[in-house]
Amino acid sequence: MTRIDPHPDIGPLTFLIGTWRGRGRGVYPTIDSFAYTEEVVIEPLPKPVLRYGQRTAHADTGEPLHAEAGFFRLPDGVPELVIAQPTGIVECHAGVLEGQRLVLQSTVVGLTPSAAGHRVTDVERTIEVVDDVLRYSLAMAAVGQDLQVHLVAELTRV
Ligand code: HEM
């Protein structure tokens, strides 16, 4: 496909662009902890947005786990993220950008009827890139639990 240069208005987020691979750890009071491998692809589009996609697998068994897709936006310099998950969960986020650190808080979490039982009401995502290493953490309020960590991961640009 033709190479696309990032739109100038998305410039402050271009540090995210790349293919990233690494590992993460998942925890939550209601589930067994688990380790996972992950590939993230973030790429420019002709509009002032970045397309985001990720997929994961269980680190021990290779079993496919979570995947998600969405878009990073930067209207008027305010970072936003929209994400859809195959589990029937959608997230809208807004946040702050400090250098190469992005802190996003959900403004809306939507659940399809079949996903309603997850009772996800709040999600916070922090993403930071230092050199060629991307670290993120994700906290959620779900299944009646207070907002707390579900995921921590470290990925390297490939
Ligand atoms: C790297 C991404 C993710 C991975 C690898 C992952 C993996 C898992 C695993 C293995 C479980 C336990 C077994 C299961 O219920 O399937 C789980 C539970 C869960 N995850 Fe995630 N997850 C990810 C991201 C997310 C996100 C983004 C959300 C919501 C915003 C989410 C919400 C939940 C919920 C609600 C549960 C069920 C908790 C319960 O029923 O007690 N997960 N996740």
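**Exercise 1. Polar atoms beside the ligand**

Task: Determine how far a polar side-chain atom of Thr30 lies from an oxygen atom of the ligand, and describe the surroundings of the ligand in this predicted model.

Solution.
Step 1. The distance between a polar side-chain atom of Thr30 and an oxygen atom of the ligand is 2.5 Å.
Step 2. A nitrogen atom of the ligand has a polar side-chain atom of His150 at 3.1 Å.
Step 3. Thr30 and His150 both belong to the residues that come nearest to the ligand, a group that also includes Phe34, His66 and Glu91; 21 residues surround the ligand in total.
Step 4. The site of the ligand is the largest pocket. Two or more residues of the shell come from each of the elements β2 (34–44), β3 (49–58), β4 (64–73), β8 (122–130), β9 (133–141) and β10 (148–157).
Step 5. Strand β9 supplies the largest share of the shell, three residues.
Step 6. By character, the shell consists of eleven nonpolar, seven polar and three charged residues.

**Exercise 2. The setting of His93**

Task: Decide whether His93 is buried or exposed, and identify the polar partners of its side chain.

Solution.
Step 1. His93 is located in strand β6, which covers residues 89–98.
Step 2. The relative accessibility of His93 is 3%; buried means under 20%, so His93 is buried.
Step 3. One polar contact of the His93 side chain is with the side chain of Glu91, at 2.7 Å. Glu91 is also one of the residues that come nearest to the ligand.
Step 4. The His93 side chain also reaches the backbone nitrogen of Ser106, at 3.2 Å.
Step 5. When neighbours within four places in sequence are left aside, the contacts of His93 are Pro79, Glu80, Leu81, Leu104, Gln105, Ser106, Thr107, Val123 and Arg125.

**Exercise 3. Thr56 and the backbone of His66**

Task: State which backbone atom lies 2.6 Å from a polar atom of the Thr56 side chain, and place Thr56 in the structure.

Solution.
Step 1. Thr56 is part of strand β3.
Step 2. Its relative accessible area is 10%, and Thr56 therefore counts as buried.
Step 3. The backbone atom sought is the oxygen of His66, 2.6 Å from a polar atom of the Thr56 side chain.
Step 4. His66 appears again among the contacts of Thr56 beyond four places in sequence, together with Tyr36, Thr37, Glu38, Glu63, Pro64 and Leu65.

**Exercise 4. Two residues of strand β1**

Task: Classify Gly18 and Arg21 as buried, partly exposed or exposed, and list their contacts.

Solution.
Step 1. Gly18 is in strand β1, residues 18–26, and Arg21 lies in strand β1 as well.
Step 2. Gly18 has a relative accessibility of 16% and is thus buried. Arg21, with a relative accessible area of 44%, is partly exposed.
Step 3. Without residues up to four places away in sequence, Gly18 touches Val40, Val41, Ile42 and Arg157. Under a corresponding exclusion, Arg21 is in contact with Glu38, Glu39, Leu155, Thr156 and Val158.
Step 4. The side chains of Arg21 and Glu39 form a polar contact at 2.5 Å.
Step 5. Two C-alpha separations complete the description. Gly18 and Tyr52, which are 34 residues apart along the chain, are separated by 9.9 Å. Arg21 and Val149, which are 128 residues apart in sequence, are 21 Å apart in space.

Notes:
Residues numbered from 1 in each chain as written. Predicted model: local features only at pLDDT ≥ 70, side-chain atom pairs only at ≥ 80, totals over all residues. Heavy atoms only, no water. Near = heavy atom within 4 Å. Polar contact = N/O pair within 3.5 Å; in protein donor to acceptor, adjacent residues only side chain to side chain. 1 Å grid on protein atoms, 1.4 Å probe; cavity = no way out; pocket = protein on both sides within 12 Å on 5 of 7 lines; lining within 4 Å. Sits in = over half its atoms within 2 Å of the grid points. Helix = DSSP H or I, 4+ residues; strand = E, 2+ residues; numbered from the N terminus. Nonpolar A, V, L, I, M, F, W, Y, C, P; charged D, E, K, R; others polar. Buried < 20%, exposed > 50% of the residue type's maximum accessible area, 1.4 Å probe, protein only. Contact = heavy atoms within 4.5 Å.
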